[in-house]
Structure formats: C-alpha cells, structure tokens
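Subject: Structure for you to look at

Hello,

Here is the structure I said I would pass on. Please open it next to this message and follow along; my notes come after it.

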Amino acid sequence: MSSPAAGLRIVSTDKAPAAIGPYSQAVVANGFVYTAGQIPFIPETMAILDGDIQQQTRQVLTNLKAVLEASGSSFDRIIKTTVFLKDMGDFAKMNETYAEMMGSARPARSAVEVARLPRDVKVEIECVALVDPSKL
C-alpha cells in the first residue's frame, strides 16, 4: 500500500472490523474524519452479527464509535451520517436504535434504501465528523 498524501492520516483500530479491501477504516484530513461505511461485523471474529435490524444497527454504531474514537472524534462531533438500508420498511426500528445510541447528538442524516449491501446485511452507516483539535 502506498503512503497517504501529505496532510492525510489513515485511521486503523482493532476495536472495529478490519478493512476487507483496498480502503481504510477512516481518513483524517483538515480537521475532519471521513469514515468508511460500517456493517455489523463483530470485530473479534469478523463474523456478521446475524440479527434483526435493531441488533445490526447497534453493532454498526458500536463499530462506528470505535473508529471515531481512534480518529480523535465522537458521536457528538458528527456532522453528517449516511444510512444505507436493505429495506426502508426497517427505518423506524433502525431509527429507534440510532436515536438511543447517538444520545443527544443530532447530526444531519440521509437514509436510503439500496438494492444490496455487502455480505447481505440489513444496514450500513458512514459519517463525516470533526476531530477534536487536541487530537489532530
């Protein structure tokens, strides 16, 4: 793998699923962190959590939180999330778990139904967040 361009910091943590292709868990640039989409992998085993939409959403957000923390950020610093759903009929239940896990954070958000997600999971979430200036 080539070195990152000047000003970019590649983020990697074993507290979230390892990248399974030619990409990074996240990249920090100019005070922002851009995360890869997280799916409900269990980091320790790299197995997909085979649960309902709420269980999968909880695992996805747990993974996303770990990537954000490794980047020097957190849920309360998220600017925008994008939620990819296999079935928009799962939106209400996903949203319940999302609201619970995000706490008081209320970033901008898009949610879309897609034809298919990696490993045929029910949900994938990515985000852009501010990095704590003391952790740049």
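What should the 19 residues of H1 span at 1.5 Å a residue, and how far apart are its end C-alpha atoms? The expected span is 27 Å, and the end C-alpha atoms are 27 Å apart, so the two agree. Keep in mind that this is a predicted model.

The helix

H1 covers residues 53–71. At its start, a side-chain oxygen of aspartate 52 comes to within 3.0 Å of the backbone nitrogen of glutamine 54. Just after H1 comes glycine 72, whose phi is positive, at about 90 degrees. The buried residues of H1 include Ile53, Val60, Leu61, Leu64, Val67 and Leu68. Polar residues are on that list too, among them Gln56, Thr57, Gln59, Asn63 and Ser71.

The first strands

Strand E1 (residues 8–11) and strand E2 (residues 26–29) run antiparallel and are joined by four bridges. One of the pairs is valine 11 with alanine 26 in E2. E2 is also joined to strand E3 (residues 32–35), again antiparallel and by four bridges. Here valine 28 has valine 33 in E3 as its bridge partner. E2 and E3 make a hairpin with two residues between them, and asparagine 30 in the turn has a positive phi of about 50 degrees.

The sheet

Which strands make up the open sheet, and in what order? There are six, in the order E1-E2-E3-E8-E6-E7, and their pairing is mixed. E1 and strand E7 (108–113) are at the edges; each has a single partner strand, so one side of each has no neighbour in the sheet. On average, and ignoring direction, neighbouring strands are turned by 15 degrees against each other.

For a parallel pair, look at strand E6 (residues 78–85) and E7, which six bridges join. Within this pair, lysine 80 is bridged to alanine 108 in E7.

What packs on the sheet

H1 packs on the sheet and touches E1, E2, E3, E6 and strand E8 (123–130). The direction of H1 makes about 30 degrees with that of E8. Helix H2 (residues 91–102) packs on the sheet as well, touching E6, E7 and E8. The direction of H2 makes about 150 degrees with that of E6.

A way to go through it is to start with the E2 and E3 hairpin, follow the strand order of the sheet, and then add H1 and H2.

Regards

Technical notes
Residues numbered from 1 in each chain as written. Predicted model: local features only at pLDDT ≥ 70, side-chain atom pairs only at ≥ 80, totals over all residues. Heavy atoms only, no water. Pairing = 2+ DSSP bridges. Axes fitted to C-alpha atoms, helices over the stretch in contact; angles between N-to-C directions. Contact = heavy atoms within 4.5 Å. Expected span 1.5 Å × (residues − 1). Buried < 20%, exposed > 50% of the residue type's maximum accessible area, 1.4 Å probe, protein only. Polar contact = N/O pair within 3.5 Å; in protein donor to acceptor, adjacent residues only side chain to side chain.
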